[in-house]
Amino acid sequence: MEIIPADRFAAPDGTAHYVEHLRVPALSVGTYAIPAGGADPQGPHTEDEIYVVLSGRGRFTGGDRTVPVGPGTVLYVPAHEEHRFHDVTEDLVICVMFAPAEGTAG
């Protein structure tokens, strides 16, 4: 067992911030924080991805679909799909899981 610290959510400069907490070949897990009014600069990934919204509110667009997000929202994004959080009205904190580990797929 491993305890994963998740005490570093916001970036010091108030921008979107990702912190990886665990990495094994098949999976990586981290937290992603986006402040209210902030931008999500990410692009598509080469890995499948799962988001679990822990706190905050906003909207998410993946492919051609847009949905509201809030605590408890779970999203699956297949590899290579354009996606983005936007219209963040309350600071978002999101648990992010990549399979395989981020940056290891081709």
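In the predicted model, the largest pocket is lined by Phe 60, Gly 62, Asp 64, Arg 65, Val 67, Leu 75, Tyr 76, Val 77 and Glu 81. The volume of this pocket is about 150 Å³. Classified by residue type, the lining comprises five nonpolar residues, three charged residues and one polar residue. Three strands, β3 (48-62), β4 (65-69) and β5 (74-77), each contribute at least two residues to the lining of the largest pocket. The greatest contribution to the lining is that of β5, which supplies three residues.

Two of the strands that contribute to the pocket lining are also paired with each other. Strands β3 and β4 run antiparallel and are connected by five bridges. Within this arrangement, Phe 60 is placed opposite Val 67 of β4; Phe 60 and Val 67 are both among the residues that line the largest pocket. The hairpin formed by β3 and β4 has two residues between the strands, and Gly 63 in this hairpin adopts a positive phi near 60°.

Phe 60 also belongs to the largest nonpolar core, a set of 15 residues. Together with Tyr 51, Val 69, Phe 85, Leu 92 and Ile 94, Phe 60 is one of the residues that touch the most other members of the core. Strands β2, β3, β4, β5 and β6 (83-99) each provide at least two residues of this core. The strand that gives the most to the core is β6, with six residues. Strands β3, β4 and β5 thus appear in the account of the core and in that of the pocket lining, where each again supplies at least two residues.

Strand β2 (residues 27-34) contains Ala 33, and Thr 31 is located in β2 as well. Ala 33 has a relative accessibility of 6% and is therefore classed as buried, the cut-off for this class being under 20%. Thr 31, with a relative accessibility of 5%, is likewise buried because its value falls under that limit. In a regular strand, side chains alternate between the two faces of the sheet.

Each of these two residues of β2 can be related to a residue earlier in the chain. The C-alpha atoms of Ala 33 and Tyr 18 are 6.5 Å apart in space, while the two residues are separated by 15 residues in sequence. The side chain of Thr 31 makes a polar contact of 2.8 Å with the side chain of His 21.

Conventions. Residues are numbered from 1 along each chain as its sequence is written. This is a predicted model: local features need pLDDT of at least 70, side-chain atom pairs count only at pLDDT 80 or more; totals for chains, interfaces and linings use all residues. Side-chain values use heavy atoms; hydrogens and water are left out. On a 1 Å grid over the protein atoms alone, a cavity is a set of points where a 1.4 Å probe fits but cannot get out, and a pocket is an open set with protein on both sides within 12 Å along at least five of seven lines; lining residues have an atom within 4 Å of a point. Grid points are joined across faces, edges and corners, and a volume is the space filled by probe spheres set on the points. Helices (H or I, at least four residues) and strands (E, at least two) are DSSP runs, numbered from the N terminus. Ala, Val, Leu, Ile, Met, Phe, Trp, Tyr, Cys and Pro count as nonpolar, Asp, Glu, Lys and Arg as charged, and the others, Gly among them, as polar. Buried means under 20% relative accessible area, exposed over 50%, partly exposed in between (1.4 Å probe, protein chains only). A polar contact is a pair of N or O atoms within 3.5 Å; within protein, one must be able to donate a hydrogen and the other to accept it, and residues adjacent in sequence count only if both atoms are side-chain atoms. Two strands pair if DSSP finds at least two bridges between them. A nonpolar core is a set of buried Ala, Val, Leu, Ile, Met, Phe, Trp, Tyr and Cys residues joined through side-chain atoms within 4.5 Å.
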